[in-house]
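Hi,

Here is the structure I promised to pass on. Have a look, then read my notes below.

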Amino acid sequence: MLSSGLNKILLGALALATAGSCTLLTPSSDVACKAIQLALPPGRVNYPDSPTYAKENTYWSSRQTDNIAPACFVAPKNAFEVAATVKVLVSLNTQFSVKGGGHTAFAGGSNSDGGVTIDLMYLTTLNVSSDRKTVSIGAGNRWINVSEALDTQGLVVVGGRVADVGVSGLILGGGISYFSGMYGWACDNVRNYEVVLASGLIVNASPTKNKDLYWALRGGGGSNFGIVTRFDVAAYEQPGGNIWHNSLIIPGAANASAITMYQNLTVNGMPADNKAHSYMVLTHMDMLGGYAVISDLFHADLPNTSDSAHEEVPGVFQPFESLPTIMKTKSIVNVSTVSREIDIPYGSRQTWWDTTVKATDPSLLIDIVSLWQDHVGKLVAAAKGTAVTPFLAYQAIPLNVLKAMEANGGNALGLKQSDGPLMLIQLTAQWADSALDDLMESSSEEVIGKINDLAKSRGLNHGFVYANYAGNRQSVFESYGADNHAKLKQVALKWDPKGILRKLWKGYFKL
């Protein structure tokens, strides 16, 4: 029940919103904005005519802001202000969304057209515990904030690989990391979540407190359970925050050899050397002469401290030295440096789709390429000379990662060692012309369907959909398996019995 003070604030906001009117208007987003403005300290609520609003309405994928305009942005500065904001929104039955880093590709993923968007940009706590084993991270941080703070302390966390990606979305969806071979995904390394529930109550979830909520937040997203305002995550010693990195650009003609090598790395190499991490991306760019393969190899062990140490290739990656390359760059760099190097600039329209197959047969992974190339031909023809850059990414989920996911009772993703090794297949593209939006989505969806059908025909289908790479029409939580899907629903019902968040929080995947 609302406090009398908040009731007075709501009545005051209604009066402001309906001043000059003969009748009382139905509570709306405008009313909610005014009520929140009264409930929070000055400067937290920003309207379309303010410079701060324009800054907040800037997103990585331009589809998130194209013809999308919230009635206001609300930028709380702590969990209590988030709670007060939620109370107002719920009491007025107002639709909203939450922006952590705003790195969702599809329109409205973390922005509420005509509603209220809660921007967590001021929740930037970053505290290392005295024993150096835990880092408390505010939900508004980007991963570059985290790595820059930790590099100089010789610490790392299992977090995002790309500088500008937000902490919240990556962890809540799972979170693939440079260090996943040793420690699992980011969600497997959270010690505690601080969460604002639909009621406005602030709770903590950990392996010993509110254990069901803790389990659900490890891959089950936040929009069905509450707004996470702080993550307490495990920290690990890593001298200088440094890792070994080799970036190879391989001619498209050699893609079969490169894919076969990557498949072997997934099945045999990474489980034997859990400090290794890698992904492989196929693309089509005129500057690369058409089709090309980009293979990035990372290792957490540093050969030595000599000036030429970066030239020493870890044994697990030695086979890649035989591949023909357009370019090859070896280095020993800290996490911040490499995450900036692979950051994707703002300004383009984006789409992501994904699925997962069993990684035991390289021929399946090779045959997927022709399905993608047909898709690329369709996109390039439709673009008529305007910018379009397609990608097909292979990201390994080897047995050592699946085993590490079992920590603290396991996560909600439904991935088991008995299923593996697995290969995450990501289909993505960036383009300039909004007229291509529908084709991008429909063609991407079609290709994912064909990949699943091909895998099924060979007994190699798995079907897991990674939320952080999913298209907005994909069934993410269903892909976690019937038992986990049902359990997530039960947890959501317990913590939000009226389904308020599932009704009012718009834009992301719902149970």
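Is Ser 434 buried, partly exposed or exposed? Ser 434 is partly exposed, because its relative accessible area is 41%. Please keep in mind throughout that this is a predicted model.

Ser 434 sits in the loop that joins strand E17 (422-431) to helix H13 (437-457). Beyond its neighbours within four places in sequence, Ser 434 contacts Asp 66 and Arg 349. Tyr 346 is 88 residues away from Ser 434 along the chain, and their C-alpha atoms are separated by 15 Å.

Two buried residues

Next is Thr 351, in strand E15 (residues 349-358). Thr 351 has 3% relative accessibility, so it counts as buried; the cut-off for buried is under 20%. Which side chain makes a polar contact with the side chain of Thr 351? That partner is Glu 441, at 2.9 Å. Glu 441 is also in the list of residues that Thr 351 touches, once residues up to four places away in sequence are set aside. The rest of that list is Arg 63, Ala 105, Leu 427, Thr 428, Ala 429, Trp 431, Met 440 and Ser 444.

Phe 320 is in the loop between strand E13 (290-299) and strand E14 (327-334). Despite the loop position, Phe 320 counts as buried, because its relative accessibility is 1%. Not counting residues up to four places away in sequence, Phe 320 touches Leu 248, Met 261, Tyr 262, Leu 265, Met 280, Ser 295 and Leu 297. Take Ser 295 from that list. Phe 320 and Ser 295 are 25 residues apart in sequence, and their C-alpha atoms are 9.2 Å apart in space.

Helix packing

Two packed helices are described by the angle between their axes and the distance between the axes. There are three pairs to go through.

H11 with H13. The axes come within 10 Å of each other and cross at roughly 165°. Angles over 145 degrees count as roughly antiparallel, so H11 and H13 are roughly antiparallel. The crossing of H11 past H13 is right-handed. From H11, the residues in contact are Leu 364, Asp 367, Ile 368, Leu 371, His 375, Lys 378, Leu 379 and Ala 382. They meet a set in H13 that includes Leu 439, Met 440, Ser 443, Ser 444, Glu 446 and Val 447. Lys 450, Ile 451, Leu 454 and Ala 455 are also among the H13 residues there. By class, this contact has 11 nonpolar, three polar and four charged residues. Met 440 and Ser 444 are worth a second look: they take part here, and Thr 351 touches them too.

H2 with H4. Helix H2 (residues 29-39) packs against H4 at about 150°, with the axes 10 Å apart. H2 and H4 are therefore roughly antiparallel. Their crossing is right-handed. Ala 32, Ala 35, Ile 36 and Ala 39 of H2 meet Thr 85, Val 88 and Leu 89 of H4. The classes here are six nonpolar, one polar and no charged.

H9 with H11. Helix H9 (residues 255-272) and helix H11 (residues 362-383) have axes 9 Å apart, at an angle of about 140°. That angle makes H9 oblique to H11. H9 passes H11 in a right-handed crossing. On the H9 side are Asn 255, Ala 256, Ile 259, Thr 260 and Gln 263; on the H11 side are Pro 362, Leu 365, Ile 366 and Val 369. The contact has six nonpolar residues, three polar ones and no charged ones.

Backbone points to check

Most residues other than glycine have a negative phi, and most peptide bonds are trans. Three places depart from that pattern.

- Gly 420 to Pro 421: the peptide bond is cis, with omega near -5°. Pro 421 lies in the loop between helix H12 (399-404) and E17.
- Asn 93: phi is positive, about 55°, though the residue is not a glycine. Asn 93 lies in the loop between helix H4 (79-91) and strand E3 (96-99). Asn 93 is partly exposed, at a relative accessible area of 48%.
- Arg 132: phi is positive here too, at about 65°, and again the residue is not a glycine. Arg 132 is in the loop between strand E5 (126-128) and strand E6 (134-138). Its relative accessibility is 28%, so Arg 132 counts as partly exposed.

Best wishes

How values were computed: Residues are numbered from 1 along each chain as its sequence is written. This is a predicted model: local features need pLDDT of at least 70, side-chain atom pairs count only at pLDDT 80 or more; totals for chains, interfaces and linings use all residues. Side-chain values use heavy atoms; hydrogens and water are left out. Helices (H or I, at least four residues) and strands (E, at least two) are DSSP runs, numbered from the N terminus. Buried means under 20% relative accessible area, exposed over 50%, partly exposed in between (1.4 Å probe, protein chains only). A polar contact is a pair of N or O atoms within 3.5 Å; within protein, one must be able to donate a hydrogen and the other to accept it, and residues adjacent in sequence count only if both atoms are side-chain atoms. Contact means heavy atoms within 4.5 Å. Axes are lines fitted to C-alpha atoms, for helices over the stretch in contact, and angles run from 0 to 180 degrees between N-to-C directions. Angles under 35 degrees count as roughly parallel, over 145 as roughly antiparallel, 65 to 115 as roughly perpendicular and the rest as oblique. A crossing is left-handed if the near helix is turned anticlockwise from the far one by less than a right angle, and right-handed if clockwise. Ala, Val, Leu, Ile, Met, Phe, Trp, Tyr, Cys and Pro count as nonpolar, Asp, Glu, Lys and Arg as charged, and the others, Gly among them, as polar.
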